[in-house]
Amino acid sequence: PTSVITPAPSATPAPGGIDHLLISEVAADPSAQGSWFEIYNPTAQSISLNDVSVRVRSKQLNAPSTYALSGVIDAQAYLVVAANSEALAPKKSAQLQYIGNHQDSPLWGVDGALELLRNGQSIDFVRFGNDQTYTAKGWQGVSAAALSGAAAMVRSQDSDSAADWRLVPFATPAGRNDVASDARDDDKDGIPSSAKLPGGSY
C-alpha cells in the first residue's frame, strides 16, 4: 500500500516584534551524556553574545549554574550550545559553541529548564517535564512536555508557555526546525521520509 506522509510544517518563524534571542530547540539527553540546545536570532541584525549567558542545572553541582556565551549570532541564524565535560572546551564555530567543563557542566534529561540572560536579565526561558523552576521572565502555566521518547522539542511561537513547543522524532541542530511531530523514517536511513518529498528539507 502507498504510504501517506504528513507534510513537514514550516520552520521556526520570525514573529513580528520579537527583538531578542529565542531558545528554539532542546535536544533530549536521556543518558545525560550530551545535552545541547539551540538559539535562534529572529531579527534582521546580528546580535552579540558577549553579554549573554545561560542558566541551567549543573551535573556536578546539582543546582542551577550560569555559563557565559561569546561571539556573534548572525541575523535569522541558529546556534547550537552544547555541554562540555572536559577540562578544555573544543573550538567553537559560527554554528556551535560549548559551555561548562569537567567540574561544572550543564545537564538535563527528560525534565529541565533553560534560561537565556543578557547582563543578568532574563530574555527567554523554557521549562519542560516535571521541572518546577520559575523565573522573572514570566513563564505562563504548566511546563512543556517531558522529552521522554522524543529526539527534541522545537519552538513555533513566543508566548512563554508550553503552547510554544512540540516534540519531534528528529533533531535539527543549527537547521530549520521543520520536522513534523509525526514524521517517519520509512526506509530506515536516518532521514525523515517527508524530507524527500518535493520542497522537503531536513
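A residue counts as buried when its relative accessible area is under 20%. Keep that cut-off at hand for the exercises below, which work through a predicted model.

**Exercise 1. Describe the overall make-up of the chain: its secondary structure, its burial and its exposed surface.**

Solution. Start with the secondary structure: the chain has zero helices and 12 strands. Reading along the sequence then gives the pattern β-β-β-β-β-β-β-β-β-β-β-β. Next, turn to burial, where 44% of the 202 residues count as buried. The chain exposes about 9,800 Å², and 51% of that is supplied by carbon and sulfur atoms. Finally, look at contacts between residues at least 6 apart in sequence: 49% of them join residues at least 24 apart.

**Exercise 2. Find the largest nonpolar core and work out which elements build it.**

Solution. The largest nonpolar core holds 31 residues, and those with the most contacts inside it are Leu 21, Val 26, Phe 37, Leu 114 and Leu 116. Two or more residues each come from strands S1 (22–27), S2 (36–40), S4 (52–57), S7 (78–83), S9 (112–118) and S10 (121–128). S10 gives the largest share, four residues. Now zoom in on Leu 21: beyond four places in sequence, its contacts include Ile 39, Ile 47, Leu 49, Val 52, Ile 73, Leu 116 and Ile 123. Leu 21 also touches Asn 41, Arg 118 and Asp 124, among others. To finish, note a second, separate core of eight residues, including Val 80, Ala 82, Ala 152 and Val 154.

**Exercise 3. Characterise the largest pocket by its space, its lining and the residues closest to its centre.**

Solution. The space in the largest pocket comes to about 180 Å³. Of its 15 lining residues, Val 56, Arg 57, Pro 64, Ala 113 and Thr 133 are the closest to the centre. Sorting the lining by class gives seven nonpolar, three polar and five charged residues. As for the strands, S4 and S9 each supply at least two residues of this lining.

**Exercise 4. Is Ser 105 buried or exposed, and what does it touch?**

Solution. First place the residue: Ser 105 sits in the loop between strand S8 (96–99) and S9. Ser 105 counts as buried because its relative accessibility is 2%. Setting aside residues up to four places away, its contacts are Arg 57, Ser 58, Lys 59, Gln 60, Tyr 67, Asn 84, Ser 85 and Gly 100.

**Exercise 5. Place Ile 99 in the fold and list its contacts.**

Solution. Ile 99 belongs to strand S8. Its relative accessible area is 4%, so Ile 99 is buried. Beyond four places in sequence, Ile 99 is in contact with Val 54, Tyr 67, Ala 68, Leu 69, Val 81, Ala 82, Ala 83, Asn 84 and Pro 106. One more pair deserves a look: Ile 99 and Ala 89 are 10 residues apart in sequence, and their C-alpha atoms are 7.3 Å apart in space.

**Exercise 6. Check the backbone at Asp 160 and Ala 174: what is phi at each residue?**

Solution. Begin with the background: most residues other than glycine have a negative phi. Asp 160 has a positive phi, near 55°, and Ala 174 has a positive phi too, near 60°. Then locate them. Asp 160 lies in the loop between strands S11 (152–155) and S12 (165–168), whereas Ala 174 lies in the segment after S12. With a relative accessible area of 14%, Asp 160 is buried.

Note on methods:
Residues numbered from 1 in each chain as written. Predicted model: local features only at pLDDT ≥ 70, side-chain atom pairs only at ≥ 80, totals over all residues. Heavy atoms only, no water. Core = buried A, V, L, I, M, F, W, Y, C linked by side-chain atoms within 4.5 Å. Buried < 20%, exposed > 50% of the residue type's maximum accessible area, 1.4 Å probe, protein only. Contact = heavy atoms within 4.5 Å. 1 Å grid on protein atoms, 1.4 Å probe; cavity = no way out; pocket = protein on both sides within 12 Å on 5 of 7 lines; lining within 4 Å. Points joined across faces, edges and corners; volume = space filled by probe spheres on them. Nonpolar A, V, L, I, M, F, W, Y, C, P; charged D, E, K, R; others polar. Areas by Shrake-Rupley, 256 points an atom, 1.4 Å probe, with all protein chains shown as cover.
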